[in-house]
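Biologist: Before I rely on any label attached to a structure, I would like to hear the rule behind it. Could you take me through some of them?

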Amino acid sequence: MHNHNHSHSHSHQHGKDDRIGWAFFLNVTFTIIEFIGGWLTNSTAIMADAVHDLGDSLSIGFAWILSRFSDKEASDKFSYGYRRLTLFGALINSIVLIIGSIWILFEAIPRLSNPEMPVVEGMLGLAILGVAVNGYAVLKLKAGETLNEKVLTWHLLEDVLGWVAVLIVSIVLLFAELPILDPLLSIGFTLFILFNVFKNLKSTLVLFLQAAPDKETQKRIKLSLMEFPEVNGIHHMHFWSLDGESHVLTAHLELSDNFDVKELIRLKQEVAAKLSSYHLSHTTIEFEFLNENCRDEAQ
C-alpha cells in the first residue's frame, strides 16, 4: 500500500515567487547598505542589526529557491522531491548567524568599558530607512497565503521593531551624550538573535536526524491502526518529516489471518481513509501475513 500526495497550486505560484523575490532583493540590498552604514557611523547596534538582516536575507533566499523548486517533479535521484532544502537553508542560516553574532559580541563588549559616540545623524537616517524598507517588505509578503510567506513576514516584522529601537536610541543620542547605549543595544540584539538561532537549530537538527516531528501524533496514528480487528500488531513504524510541515509514514501491519485479495483491498482502503485525517505527504504500509518472517527483522 503506497500513497504519495502531490498538491501544487500553479495559479498562485508566480505571484508567490514575485513577492518572495522582491523581499529577497530588497533585504539583500539593504543589508549591504547596513554593513557599510554601520562601519561609517561607527555603530555596533547597526552592525548587529545588519547581521540579523543577513540571516533574514538567507532565509528569504532559501524560501525563494524552494518556491521555484516546489513545482519540480520528484526524480529517481531525489525521490522525495526538494522539500528538505528548507532544512539545509535553516542550517546554513543558523551557522552564519552564530558566526556573525560572535563577531558582534567581540566588537560590542569591549565598548562597554570604553564607549565611542557613533555618528548620530547617520544612525538616525539609516534607522528611518530601515523602518521604511522592512515595512515595505512586510506589506509585500503580507499578501501571501503560504506558511513560508507568513513565517518570513514575522521575521521582517522583528526587523521593523529592531529598527524602531535603533531610531529611539539615535533620537536619545541627539540630545544626550550616552555612547554606552549603542553597544548595549547591539548586545541586546545579538543575544535575542542567538536565543532564536539555538532554538531553531535544535528543531532543525532533530528533523535532520529524522526524529518523529510530534510524538503525540505518532502515538495517535499507531492507536488508530491498531483499532482494525484485522491488525494484530505494528512494527517498523517510522514517522518523520521532510521539512517540518510535510510528514512521512512507513509501517508493517501484522495481520490476524491470511485474508483473500478482496478483503485486503477493503482493508487497504479503510487504512487509507483512517490515515487521511493526518494529512501525510507520503505513506507506505506493508501487510504481513500469519507466520510470515519480516524481511527487515534485523534492521
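The exchange below sets computed values against their definitions.

Modeller: This is a predicted model, in which local features need pLDDT of at least 70 and side-chain atom pairs count only at pLDDT 80 or more, while totals for chains, interfaces and linings use all residues. Residues are numbered from 1 along each chain as its sequence is written, and side-chain values use heavy atoms, with hydrogens and water left out.

Biologist: Why is Leu40 called exposed?

Modeller: Its relative accessible area is 57%, and exposed means over 50%, buried under 20% and partly exposed in between (1.4 Å probe, protein chains only), so Leu40 counts as exposed.

Biologist: Why is Asn42 called partly exposed?

Modeller: Asn42 has a relative accessible area of 25%, which falls between the two limits and therefore makes Asn42 partly exposed. Asn42 also has a positive phi of about 60° although it is not a glycine.

Biologist: What makes Gln210 partly exposed?

Modeller: The value for Gln210 is 43%, again between the limits, so the term partly exposed applies. Gln210, too, is a residue other than glycine with a positive phi, near 60°.

Biologist: How do you know that Lys274 lies over the face of Phe228?

Modeller: A charge sits over a ring if NZ of Lys or CZ of Arg is within 6 Å of the ring centre and within 35 degrees of the ring normal. Lys274 is at 5.5 Å from the ring centre of Phe228 and is listed as lying over its face, so the distance satisfies the 6 Å limit.
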